Amino acid sequence: MKSWTKTAITSTVVALSLATAGCSNTSHQQPEPLTHKEKVTALLKSIETGEAEPVSYINPNKYIQHNLGVADGLAGFGAALQALPEGSARVDTVRVFQDGDFVFAHTDYNFFGPKIGFDIFRFEQGLIVEHWDNLQQTPDSANPSGRTMIDGPVQAEDLDSTEANKVLVKGFVNDVLVSGKMDTITQYIEPNYYLQHNPGIADGLDGLGSALAAMAEQGITMEYQQVHRVLGEGNFVLTVSEGTLGGQHTSFYDLFRVENGKIVEHWDTIEAIPPQSEWKNGNGKF
């Protein structure tokens, strides 16, 4: 993996910008511009490969970082990459979706150890200006139903239903997870076909109920307190929520797949939020 420094990153951005400007007056046919999804996928893969060009997809003058372990701006991004053990990084982005100026990706990482992560990027005028993520250590084995945190369908369908699906999922998270109205759960979830990718929960509403009961017996409480963001493309909807798990301030990212007006599949990552004294930027997790 290549070594990243602030100077190298900045030089790459400037050089690529000049090269692009220099080619603009030629008669050669220009390649089709990359989509926002393609830029995000390439940028994430560059963590593994060290390729320099994807860094140019970040605005060098404005990059707001919400990963609390990484400093703001391109300098913070470069420092995080430079701290990775040589040749250790691995990135396999399995799903990537777009909602307006936001792109969200679901990725299998080795990033200071094996992790599953969701990343959200916000674009302005074709460049990435803001980033959020949520990372969870990859479990050693599949969940009780034999599913991993990353397998399952990857392509968005029913694009005309995006807004309706976002309303459905937001209603579920607010009513059931935040407000605890468990009697409404079958309004949102298909009880006979609910596929679960959380590493500790089996398929179906019975699996969810058993997991919650086991947590209660151990005195572990999980509270969703606020939904910060709902993003969707077609039948996939991602929610970003804040709450607590076992009394620890926690960020919950939940990805849902909708079919025929009901939630039928769920993936998630759960990450503890460190105390503010440990943050490397002042932007907050959300």
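In what sense do S7 and S8 pair, and over how many bridges? In this predicted model, the two strands pair in the antiparallel sense, and the pairing extends over 10 bridges. Within that ladder, Gly-232 stands opposite Val-237 in S8.

## Two open sheets

The strands S7 and S8 belong to an open sheet of five strands, whose order is S6-S10-S9-S8-S7 and whose pairing is mixed. Strand S6 (195–196) and S7 stand at the edges of this sheet with a single partner strand each, so one side of each is left without a neighbour in the sheet.

Another open sheet of five strands has the order S1-S5-S4-S3-S2, with mixed pairing. Here strand S1 (64–65) and S2 take the edge positions, and because each has a single partner strand, one side of each is left without a neighbour in the sheet. At the S1 edge, S1 and S5 pair in the parallel sense over two bridges, and Gln-65 stands opposite His-131 in S5. At the S2 edge, strand S2 (residues 90–99) runs antiparallel to strand S3 (residues 102–110), and nine bridges join the two; Asp-92 has Asp-108 in S3 as its bridge partner. S2 and S3 form a hairpin with two residues between them, and in the turn Gly-100 has a positive phi of about 60°.

The strand pairs described above can be set side by side.

| Strand pair | Sense | Bridges | Residues opposite each other |
|---|---|---|---|
| S7 and S8 | antiparallel | 10 | Gly-232 and Val-237 |
| S2 and S3 | antiparallel | nine | Asp-92 and Asp-108 |
| S1 and S5 | parallel | two | Gln-65 and His-131 |

## Helices H4 and H6

Helix H4 has 17 residues and reaches 22 Å from its first C-alpha to its last, which is close to the 24 Å expected at 1.5 Å a residue. Its buried residues are Thr-162, Asn-165, Lys-166, Leu-168, Val-169, Gly-171, Phe-172, Val-173 and Val-176. An α-helix has 3.6 residues a turn, so residues three or four places apart point the same way. The elements that cover the buried residues of H4 include S2, helix H5 (185–188), S7, strand S8 (236–245), S9 and S10. Just after H4, Gly-180 takes a positive phi of about 70°.

Helix H6, with 14 residues, reaches 20 Å from its first C-alpha to its last, close to the 20 Å expected at 1.5 Å a residue. The buried residues of H6 are Gly-204, Leu-205, Gly-207, Leu-208, Ala-211 and Met-215, and they pack against H5, S7 and S8. Just after H6, Gly-219 takes a positive phi of about 75°.

## An open pocket and an enclosed cavity

The second largest pocket has a volume of about 530 Å³. Its lining is made up of 24 residues, of which Asn-198, Ile-201, Leu-208, Leu-212 and Met-222 lie nearest its centre. Helix H4 (162–178), helix H6 (204–217), strand S7 (222–233), strand S9 (248–259) and strand S10 (262–272) each supply at least two residues of this lining, and the largest share, four residues, comes from H6. Leu-208, one of the residues nearest the centre of the pocket, is also among the buried residues of H6. By class, the lining of the second largest pocket has 16 nonpolar, six polar and two charged residues.

A search of the whole structure finds one cavity of 30 Å³ or more, and about 210 Å³ of space lies in this largest cavity. Of the 17 residues that line the cavity, the closest to its centre are Ile-47, Phe-77, Phe-111, His-131 and Asp-133. The elements that give two or more residues to the lining are helix H2 (36–49), helix H3 (73–82), strand S4 (114–124) and strand S5 (127–137). By class, the lining of the largest cavity has 12 nonpolar, three polar and two charged residues.

Which helix holds Phe-77? Phe-77 is found in helix H3, and it counts as buried because its relative accessible area of 10% falls under the 20% cut-off. The C-alpha atoms of Phe-77 and Glu-223, which are 146 residues apart along the chain, are separated by 32 Å.

Note on methods. Residues are numbered from 1 along each chain as its sequence is written. This is a predicted model: local features need pLDDT of at least 70, side-chain atom pairs count only at pLDDT 80 or more; totals for chains, interfaces and linings use all residues. Side-chain values use heavy atoms; hydrogens and water are left out. On a 1 Å grid over the protein atoms alone, a cavity is a set of points where a 1.4 Å probe fits but cannot get out, and a pocket is an open set with protein on both sides within 12 Å along at least five of seven lines; lining residues have an atom within 4 Å of a point. Grid points are joined across faces, edges and corners, and a volume is the space filled by probe spheres set on the points. Ala, Val, Leu, Ile, Met, Phe, Trp, Tyr, Cys and Pro count as nonpolar, Asp, Glu, Lys and Arg as charged, and the others, Gly among them, as polar. Two strands pair if DSSP finds at least two bridges between them. The expected span of a helix is 1.5 Å times one less than its number of residues. Buried means under 20% relative accessible area, exposed over 50%, partly exposed in between (1.4 Å probe, protein chains only). Contact means heavy atoms within 4.5 Å.
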